[in-house]
Amino acid sequence: MELYPDPESKTLRKALSKDLGVGDRFITMGNGSSELLDLLFKAYLSKGDVVLSFDPSFSMYEIYAKIYEANFIKVPSREDYFLDMDEMIDRLDLNPKIILLCTPNNPTGYQIPKQDMLRLLRKTNALVIVDEAYMEFSNTGESMMDEIETYENLVVLRTFSKAYGLAGARLGYMISNDQVTEVIKKVRSPYHVNALSQRLGLIALSKKETIFQSVEKIKKARAFFKEALEKLGFVVYPSEGNFLFVSTVIKDLGERLKEKGVLIRAFKINQNMFYRITIRKQIDMALCLAKIKEIIDENE
Ligand SMILES: Cc1ncc(COP(=O)(O)O)c(C=O)c1O
């Protein structure tokens, strides 16, 4: 480790290229996909430029847009948290510089149909960033990666933080055409992805089969937990992520579960409470369910 890391992450990009079936020249590594998001904003945005994103979506988008003093505009989801691409297309007359699409969406888990994203791409020259941080948990795995050579303004973001469980290593990647790749090269610092993380990424890829057994377990646990919550009267929105987005008549569910040692994330949207519950192994979800049942019993 006495040497500086490879600034191009060549070995890791080659391994990823093989794994994804995408040429390595289309892949750029980052210090987490967050860094790539930041670099894209840094390179493409000037003060006052319009950035469009569905609402709700990943909260960091707005934070990064504010750093670069962009005009961050939220496009509301439908009441059932379906992300309506017609609504997004209607906003194109605002002349956006960047459009963010998170699929599966954090926090709702909604997966945007590929046809909808293609429809948008055919109508805009804005940079369309498709954040696929949770794509490995999706049942269809319908990625936009294979559209990179068709649409010059398309960028796909991926990460080792979720399915590979390597959030602490800060390792993400971007799939983009040469034009975007060159722009990002100009604004990134040379040793942004450290040697240990590059090595960890290689090890993770070599153990992908074993690691993805856990992903399959999480998908099964998600289906089990969804059904169980629905039986308890929860509204559970369709999710392709490693979490479920739910609403319930149980008051203060987040606080009550916290008292019992279970942490879930609460969201207040239009005065209504929603919760994002991360899916772990089935045994953990059974425990979470038992705690929810305890709360229901205590209320009676
Ligand atoms: C939708 C989404 N995109 C990107 C990220 C950031 O990932 P990374 O750890 O690769 O920076 C997250 C992390 O929570 C996320 O939820």
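This is a tour of a predicted model, going from the whole chain to its two domains, its sheets, its ligand and a few backbone details.

**The whole chain**

Begin with the full C-alpha trace, which spans about 60 × 50 × 30 Å along its principal axes. The radius of gyration of the chain is 20 Å, and because a compact globule of 300 residues would have a value near 19 Å, the two agree. If you switch to a cartoon, the secondary structure comes to 10 helices and 11 strands.

**Two domains**

Next, colour residues 10-206 as domain 1 and residues 209-299 as domain 2, which is how the chain is divided. The C-alpha centres of domain 1 and domain 2 lie 27 Å apart. Where the domains meet, 18 residues of domain 1 are in contact with 16 residues of domain 2, and the residues on the domain 1 side of this meeting divide into 10 nonpolar, 6 polar and 2 charged.

**The sheet of seven strands**

Select strands S1 to S7, which form an open sheet with mixed pairing in the order S1-S7-S6-S5-S4-S2-S3. Its edge strands are S1 (27-30) and S3 (71-76), each of which pairs on one side only, and from one strand to the next the twist averages 25°.

For a closer view of the pairing, select S2 (residues 50-55) together with S4 (residues 98-102), since these strands run parallel and share 3 bridges. Val51 has Ile98 in S4 as its bridge partner.

Now add the helix H2, which packs on this sheet and touches S1, S4, S5 (127-131), S6 (154-159) and S7, with a direction that makes about 155° with that of S6. Helix H1 (residues 10-20) can be shown as well: it lies across S1 and S7 (172-176), and runs at about 125° to S1.

**The ligand**

Centre the view on the ligand and display the residues that surround it, namely Gly32, Ser33, Ser34, Phe58, Cys102, Asn106, Asp131, Ala133, Thr159, Ser161, Ala167 and Gly172. Which helix gives the largest share of this shell? The helix is H2 (residues 32-44), which contributes 3 residues. Coloured by residue class, the shell divides into 4 nonpolar, 7 polar and 1 charged.

**Backbone details to inspect**

Most residues other than glycine have a negative phi, and most peptide bonds are trans, and the next three stops can be viewed against that background.

Select Asp55 and Pro56 first, where the joining peptide bond is cis with omega about 0°; Pro56 has its place in the loop between S2 and helix H3 (60-67). Then move to the peptide bond from Asn106 to Pro107, which is also cis and has omega near 20°. Pro107 lies in the loop between S4 and helix H5 (114-121), and Asn106 is one of the residues that surround the ligand. The third stop is Arg170, in the loop between S6 and S7, whose phi is near 55°, a positive value in a residue other than glycine.

**The sheet of four strands**

Finally, select strands S8 to S11, an open sheet of 4 strands with antiparallel pairing, in the order S8-S9-S11-S10. Why is one side of S8 and of S10 left without a neighbour in the sheet? Strand S8 (235-236) and strand S10 (265-269) stand at the edges and have a single partner strand each, so there is no neighbour on the other side.

Between these edges, strand S9 (residues 243-247) and strand S11 (residues 272-278) can be picked out as an antiparallel pair with 4 bridges, in which Val246 stands opposite Tyr275 in S11. To finish, show helix H8 (residues 208-231), which lies across S8 and S9 and runs at about 10° to S9.

How values were computed. Residues are numbered from 1 along each chain as its sequence is written. This is a predicted model: local features need pLDDT of at least 70, side-chain atom pairs count only at pLDDT 80 or more; totals for chains, interfaces and linings use all residues. Two strands pair if DSSP finds at least two bridges between them. Helices (H or I, at least four residues) and strands (E, at least two) are DSSP runs, numbered from the N terminus. Two residues are in contact if their C-beta atoms, placed from the backbone, lie within 7 Å. Axes are lines fitted to C-alpha atoms, for helices over the stretch in contact, and angles run from 0 to 180 degrees between N-to-C directions. A residue is near a molecule or strand if its C-beta atom, placed from the backbone, lies within 6 Å of it. Ala, Val, Leu, Ile, Met, Phe, Trp, Tyr, Cys and Pro count as nonpolar, Asp, Glu, Lys and Arg as charged, and the others, Gly among them, as polar. Domain bounds come from an automatic or database domain assignment. The radius of gyration is taken over C-alpha atoms; the globule rule is 2.2 Å times the number of residues to the power 0.38.
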